[in-house]
Each structure stands twice: as C-alpha cells, then as structure tokens.
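Reader: Could you walk me through this one? I'd like the sheet to begin with, then whatever else stands out.

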Amino acid sequence: MRMGYEALIDKSVEMGALEARLVPPKEIVFDARSFLKCRFGCNRWGKYWTCPPNLELTREYFMDAFQKYEQSIFIKVPDPKLGQEIAVAIEKEAMLSHGCTFAFAMAMCIQCEECAFPDPCRYPHLARPSMDGYGVDIGKTLEPLGFRVEFDKKGEFLPVWYVMVLLD
Ligand code: SF4
C-alpha cells in the first residue's frame, strides 16, 4: 500500500463527506443478487449511461480490473451529488499526488435531471458507474465499518449515501 492515503480521507471530509474509511478490496463484498435489485425495482435501469444494462463493460471485465487494485476508500456523504463530486475529486487527487495511475471512482451519476442516454453523455469526465451496477453489496461491505444503509419507516433512504474510489 502506498503511504499517505489518509490525506485522501482528510480531503474527503474537507469537501463535506461525513466520514471516509480505507477498505482493502478483498473486504469488498460482491453478490449477484444486487443485479436483481438493479433490474427489478430501480427506476434508473436502462435510463442512465452509468447503470445496467448500459455499462457496456461486462462484469467479467470489471472484475479483471478490480483484482489489480490494492486499496479503496469508502466515503459517506449527505447528498448524492456531493458524493459524486467528492469521488471524482479524490480519484483525481489520487492520480496527481499518490501515483495511482488507474484510480477509479464509483458513484451514482446525478449530474443531469434526466440522463442523455441514448445520446452521448453530457459530462463524461464526471460520469462513473454505480457500485451496485457491478455487483457490490454495499450494505454487507459497510457492516464491518460501522456504516449502515438505513431506511426510514416509509422505506425511503435516510439522507446518507456512499461512494467509493479504487486505488492502485
Ligand atoms: S453525466 Fe448526465 S448524461 Fe452523463 S451519465 Fe450522468 S446523468 Fe447521464
């Protein structure tokens, strides 16, 4: 592991994150059932460039790339747009200051009220895939960290979102 990733945690918090933690990629939980949740019940399915089935890179391709990463940072945010901004900023910082040539942010894309799909993406420099779109079980991954995906009594998400940046 390269030294100094703690600075990325500090930067995340400076930018407005509630908390951030380093998580070794081997502790990230994948579960094929997350695709069922994407396919059935999510109103983003098929409407966003950054969600299935429009990701274009297969899960197998993603997993090949994933094996190469040595560290990741999970970032808890109060707002999904802020989360996307922080994730992309941390990805850039990791590349510029930590030698992570292939640092890669994963965050639900919230840049446009309506995605341009199937027309070209308006902000490809900001758009990244959602974690669950590649099978990450966010809840199970977060449990050991003391982070939780929480719902209110009506089944709505509480205002807490998570983004991730893979670090090499
Ligand atoms: S930036 Fe806009 S057009 Fe591009 S994937 Fe995100 S929502 Fe869609």
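Author: One term beforehand: two strands count as paired if DSSP finds at least two bridges between them. The model is a predicted one. In strand S4, Val-165 stands opposite Ala-105.

Reader: How many bridges join S3 to S4, and which way do they run?

Author: Three bridges join S3 to S4, and the two run antiparallel.

Reader: And what is the order of the strands in the sheet?

Author: The sheet is open, has four strands in the order S1-S2-S4-S3, and its pairing is antiparallel. S1 (19-23) and S3 are the edge strands, each pairing on one side only. On average, neighbouring strands are turned by 20° against each other, direction ignored.

Reader: Does anything pack on it? Rather, what does H4 touch there?

Author: H4 packs on the sheet and touches S2, S3 and S4. The direction of H4 makes about 15° with that of S4.

Reader: Back to the pairing. How many bridges join S2 to S4?

Author: Seven bridges join S2 to S4, again with the strands running antiparallel. Phe-74 has Met-164 in S4 as its bridge partner, and Val-77 has Trp-161.

Reader: How many join S1 to S2?

Author: Five bridges join S1 to S2, which run antiparallel. Ala-20 stands opposite Ile-75 in S2, and Leu-22 stands opposite Ile-73 in S2.

Reader: Is S4 buried or exposed?

Author: Seven of the seven residues of S4 are buried, so S4 is largely enclosed by the rest of the structure. In a regular strand the side chains alternate between the two faces of the sheet. Trp-161, Val-163, Val-165 and Leu-167 point one way from S4, Tyr-162, Met-164 and Leu-166 point the other way, and all are buried.

Reader: Which residues of S2 lie on each side?

Author: Gln-71, Ile-73, Ile-75 and Val-77 are on one side of S2, with Ser-72, Phe-74 and Lys-76 on the other. All of them are buried, and both faces are covered. That fits the count for S2, where seven of seven residues are buried.

Reader: Now the core. Which residues have the most contacts inside the largest one?

Author: The largest nonpolar core has 39 residues, and those with the most contacts inside it are Ile-73, Ile-75, Val-163, Met-164 and Val-165. S2 (71-77), H4 (80-97), S3 (104-106) and S4 (161-167) each supply at least two residues of this core. The largest share, seven residues, comes from S4.

Reader: What does Val-165 touch?

Author: Not counting residues up to four places away in sequence, Val-165 touches Ser-72, Ile-73, Ala-87, Ile-90, Glu-91, Ala-94, Ala-103, Phe-104 and Ala-105.

Reader: You mentioned Ala-20 in S1. Why does Ala-20 count as buried?

Author: Ala-20 has 26 other C-beta atoms within 10 Å, and the cut-off for buried is 20 or more. Leaving aside neighbours within four places in sequence, Ala-20 is in contact with Ile-9, Ser-12, Val-13, Ile-73, Phe-74, Ile-75 and Lys-76.

Reader: What separates the C-alpha atoms of Ala-20 and Val-163?

Author: They are separated by 9.5 Å, although Ala-20 and Val-163 are 143 residues apart along the chain.

Reader: Different topic: the ligand. How many residues surround it, and which are the closest?

Author: 14 residues surround the ligand, and the closest are Cys-109, Gln-111, Cys-112, Cys-115 and Cys-121. The shell divides into 11 nonpolar residues, two polar and one charged.

Reader: Last, backbone oddities. What kind of peptide bond joins Pro-52 and Pro-53?

Author: A cis bond, with omega about 0°. Pro-53 sits in the loop between H2 (33-39) and H3 (59-66). The peptide bond from Phe-117 to Pro-118 is also cis, with omega near 5°, and Pro-118 is found in the loop between S3 and H5 (138-142). Most peptide bonds are trans.

Reader: And what is phi of Glu-56?

Author: Phi of Glu-56 is near 70°, a positive value in a residue other than glycine. Most residues other than glycine have a negative phi. Glu-56 is placed in the loop between H2 and H3.

Reader: Glu-56: buried or exposed?

Author: Exposed, because Glu-56 has 8 C-beta neighbours inside 10 Å, and the cut-off for exposed is 12 or fewer.

How values were computed:
Residues numbered from 1 in each chain as written. Predicted model: local features only at pLDDT ≥ 70, side-chain atom pairs only at ≥ 80, totals over all residues. Core = buried A, V, L, I, M, F, W, Y, C linked by C-beta atoms within 7 Å. Contact = placed C-beta atoms within 7 Å. Axes fitted to C-alpha atoms, helices over the stretch in contact; angles between N-to-C directions. Near = placed C-beta within 6 Å. Nonpolar A, V, L, I, M, F, W, Y, C, P; charged D, E, K, R; others polar.
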